[in-house]
2 protein chains.
Amino acid sequence: LEQEKTNGIQVILEELQPYDIAEIYVMLSEEQRPKFLDVLETEQQASLIEEIDRDEQLELVEQINVNDLGEVLDLMDNDDLAHLLDEVTPDVKEQYLSGMTTEESTAVQKLMEYEAETAGRIMTNRYVWIPEQYTVRETVDKLKIFAELAESINYIYVINNEKQLMGVVSYRDLILAEMDEKIEDIMFSRVISVPVEMDQEEVASIIERYDFLAIPVVEENNVLVGIITVDDIIDVVIQEANEDIEKLSATGKSIDFDTKVWIASYRRLPWLVLLLFVGLISGSIISQFEETLQKVVALSFFMPLISGMTGNTGTQSLAVVVRGIVGQEMNKAVVTRLILREFGVGALIGITCSILLFIIAYVWQGSLVLSFVVSSSLVFTLIIGTLAGTIIPLLLSKLKVDPAIASGPLITTLNDILSLLIYFKIATVFLHHLL
Amino acid sequence: LEQEKTNGIQVILEELQPYDIAEIYVMLSEEQRPKFLDVLETEQQASLIEEIDRDEQLELVEQINVNDLGEVLDLMDNDDLAHLLDEVTPDVKEQYLSGMTTEESTAVQKLMEYEAETAGRIMTNRYVWIPEQYTVRETVDKLKIFAELAESINYIYVINNEKQLMGVVSYRDLILAEMDEKIEDIMFSRVISVPVEMDQEEVASIIERYDFLAIPVVEENNVLVGIITVDDIIDVVIQEANEDIEKLSATGKSIDFDTKVWIASYRRLPWLVLLLFVGLISGSIISQFEETLQKVVALSFFMPLISGMTGNTGTQSLAVVVRGIVGQEMNKAVVTRLILREFGVGALIGITCSILLFIIAYVWQGSLVLSFVVSSSLVFTLIIGTLAGTIIPLLLSKLKVDPAIASGPLITTLNDILSLLIYFKIATVFLHHLL
């Protein structure tokens with residue numbers, strides 16, 4: 001009876017996508033999960049692992065029968081498996097690898113040698129390759145054998161005896177060709193490939209440009225070592241966009257709707273504490289101009305406006321740089337042109353806003369000198385704020401410093417400090433006119 | 001001789017990808033472009049149009065020989081063509097459509113009836129469909145005919161006499177099946193499809209979850225009307241990420257490295273001018289507490305710190321909501337849980353930061369009362385700032401207001417105002433102790 005029930009469940013599960021199976025698994029209680037796992041086929045277990053979150057992956061792997069584990073890990077995509085193995089202790093990693101076939105464990109260990117976020121790290125070895133001498137018929141026969149196992153069969157890669165990538169044949173080409181034609185004659189030989197060490201973001205922008213479903217990855221000498229498929233690229237695009245947004249809002253590591261209170265707080269706190277100290281610098285600048293401020297309290301009315309607008313123009317520039325820097329060759333000409341452009345933008349918006357502010361300040365406070373101090377400060381602070389938001393991230397990326405440092409709040413707070421300095425300096429110069 | 005040269009160029013061009021041809025075209029001078037266009041085949045012209053920017057598209061289309069234009073437009077993907085036709089006057093649109101085949105012009109006009117950013121707008125009609133009764137052999141034969149024309153041949157869609165979607169067969173299935181098998185027997189019938197009116201961002205998250213290469217689009221009654229391919233989804237993901245970033249940095253319409261000074265300024269100005277006026281509100285709040293401030297100038301030292309941190313915690317929350325709101329069903333339970341979570345986060349970071357600030361303020365200014373005023377204000381402002389950054393975007397999305405309004409700078413500036421109000425209220429209450 002138990003067996004029949006299991007069979008019934010398996011029939012249902014076979015109709016489901018891996019994502020749906022993962023959704024069911026996540027909803028189950030701690031006690032139900034092992035039973036559910038037992039019902040799954042080895043292949044389903046492998047794709048289930050690929051679909052769930054890192055924390056749950058580790059839990060799940062521990063629940064799988066030790067004898068089956070090697071087989072399950074063999075069936076996992078190498079890039080996903082590498083991510084998983086990164087999280088466990090060397091001992092456990094050794095144990096997991098020992099259960100796998102030599103071929104698969106060598107492949108995943110090789111993958112783990114590449115740096116994080118490079119092409120080598122997200123590629124898969126589940127592609128179909130053929131020697132140059134094959135005919136269409138031989139190719140189709142090989143494809144039949146590998147169709148189930150390969151992650152992508154849209155392109156079949158043609159290699160020579162040295163494993164060098166010589167060409168590519170698409171499924172479309174095979175359909176249209178005669179069975180006796182030689183692959184050499186129908187293959188496309190100007191293959192676009194990426195080197196193993198290329199940054200994943202660059203790979204993404206190449207795939208996006210060319211609308212490829214997969215791209216081959218080569219080592220030096222054009223030796224084919226793997227392919228990157230478009231579904232992994234979507235994940236890369238989302239991941240990189242999230243990183244950019246975290247950079248602009250300084251949330252640090254990602255927080256979503258399900259993150260627990262204390263974890264979300266813990267991830268947000270470091271930045272806020274840092275900003276607290278930077279805010280104290282602003283405070284100490286103001287304290288240095290205590291006398292000026294005491295004499296003309298009205299100066300303080302315009303403080304939030306000036307520092308707020310300067311901070312914002314900096315964030316706007318930062319957003320342009322952060323989004324634009326990828327896939328752009330950042331040579332001297334590009335950088336110079338960008339800085340000049342942003343200088344122009346800063347000047348143009350600075351002049352426009354300060355004319356407006358001059359009129360409003362005069363109507364509000366009735367002092368020509370005060371209006372002049374406030375509006376002339378705004379021109380300078382907006383130009384400097386725009387340039388800071390442009391140059392600082394460029395500099396950090398040039399110095400290969402973790403660009404997360406050039407985050408929105410930091411630019412904002414830095415611009416706060418700069419704008420207060422400029423504002424009070426100008427005010428102090430004109431102080432005797434203000435009294 | 002001229003003819004031979006043209007043939008030579010064509011041989012080179014045939015080896016290039018559409019993106020590369022577009023790169024060459026963009027680099028050519030105004031005079032060279034028409035000559036280059038003449039060398040291109042109709043198909044190459046069509047894919048060239050798809051690859052270049054909107055402004056250049058319109059220029060290019062005008063340069064194409066009027067007799068060829070219809071054919072070129074016929075060959076373009078419908079979603080790209082619809083975008084193009086959106087930009088021209090009704091007269092020109094009429095003229096372009098009249099040159100096309102009835103079938104293609106009807107299809108593109110139908111596409112244009114769907115709302116922007118929905119599944120219907122990004123789908124293509126270049127898919128392969130077969131009736132249920134087909135055998136594998138008949139399917140492969142049909143595939144041979146349509147392989148060149150179809151945008152995606154990874155999946156073949158099975159429909160009944162009412163054009164309802166009954167199942168899907170992948171290229172993989174065809175390879176593994178016997179030629180005489182019936183499609184009905186090998187097809188997968190639990191097809192995941194999306195309705196025409198679904199938001200493109202939701203479509204993207206479905207494709208991302210299931211790692212599909214294409215997804216069918218259906219009208220009511222499950223009638224198949226098109227498919228959405230993964231390359232369009234990558235564009236959607238990038239576009240939506242850019243929109244989120246524009247939202248957080250209030251750059252308005254997108255600005256990249258090549259945007260001209262005056263256009264970039266024009267796009268950034270509206271927000272800055274709005275922020276100028278909002279900044280004046282902050283100013284007028286401070287001016288209402290002029291007396292308090294005049295008596296205790298030290299209060300102004302902590303203004304940038306308090307408003308800066310409140311602004312930042314709001315932006316952090318905003319980033320979480322903006323990124324998380326997509327693909328999430330925003331029912332009461334989810335919203336309540338999120339608001340409670342953010343309240344907890346606000347309280348936790350508020351208490352932590354204010355303890356720190358209490359100590360620092362006391363060491364710096366030596367006044368217990370001032371330290372108490374400053375640090376207790378920070379608790380309140382951080383909680384309120386966190387909630388504002390959460391609730392305002394949720395509310396706006398509920399009210400279906402253009403969510404761009406809930407941008408980072410607006411939350412920041414609003415939090416500025418709130419934090420100043422709280423700070424000075426508390427300070428005024430304790431004023432007699434501060435003197």
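## The E2–E3 hairpin of chain B

In this predicted model, strands E2(B) and E3(B) form a hairpin with five residues between them, and B:Lys163, which lies in the turn, has a positive phi of about 65°. The pairing of E2(B) with strand E3 (residues 165–170) of chain B runs in the antiparallel sense over five bridges, and within this pairing B:Tyr157 stands opposite B:Val168 in E3(B).

## Strand E2 and its surroundings

Strand E2(B) also pairs with strand E1 (residues 128–131) of chain B, here in the parallel sense and over four bridges, with B:Ile130 standing opposite B:Val158 in E2(B).

Five of the five residues of strand E2 (residues 155–159) of chain B are buried, so the strand is largely enclosed by the rest of the structure. Both of its faces are covered: on one side B:Tyr155, B:Tyr157 and B:Ile159 are buried, and on the other side B:Ile156 and B:Val158 are buried as well. B:Tyr157, the residue opposite B:Val168, and B:Val158, the residue opposite B:Ile130, therefore belong to a strand whose residues are buried in five cases of five.

## Helix H6 of chain B

In helix H6 (residues 66–75) of chain B, the buried residues are B:Leu69, B:Gly70, B:Val72, B:Leu73 and B:Asp74. An α-helix has 3.6 residues a turn, so residues three or four places apart point the same way.

The buried residues of H6(B) pack against several helices of chain B, namely helix H4 (42–51), helix H5 (54–63), helix H7 (78–86), helix H8 (90–98) and helix H9 (102–113).

## The interface of chains A and B

Between the two chains, 115 residues of chain A are in contact with 115 residues of chain B. The size of an interface is often given as the accessible area lost when the parts come together; for chain A and chain B the buried area is about 10,000 Å², of which carbon and sulfur atoms give 69%.

As for polar interactions, the rule finds two salt bridges across the interface of chain A and chain B, one of which joins A:Glu342 to B:Arg268, with the closest N and O atoms 3.0 Å apart. The count of residue pairs in polar contact between chain A and chain B is 15, where both residues are at pLDDT 80 or more. On the side of chain A that touches chain B, the largest share, 19 residues, comes from helix H16 (residues 261–288) of chain A, and the residues of that side divide into 65 nonpolar, 26 polar and 24 charged.

Terms used:
Residues numbered from 1 in each chain as written. Chains lettered and ligands numbered in written order. Predicted model: local features only at pLDDT ≥ 70, side-chain atom pairs only at ≥ 80, totals over all residues. Heavy atoms only, no water. Contact = heavy atoms within 4.5 Å. Buried area = accessible area lost by both parts, 1.4 Å probe. Salt bridge = Lys/Arg side-chain N within 4 Å of Asp/Glu carboxyl O. Polar contact = N/O pair within 3.5 Å; in protein donor to acceptor, adjacent residues only side chain to side chain. Helix = DSSP H or I, 4+ residues; strand = E, 2+ residues; numbered from the N terminus. Nonpolar A, V, L, I, M, F, W, Y, C, P; charged D, E, K, R; others polar. Buried < 20%, exposed > 50% of the residue type's maximum accessible area, 1.4 Å probe, protein only. Pairing = 2+ DSSP bridges.
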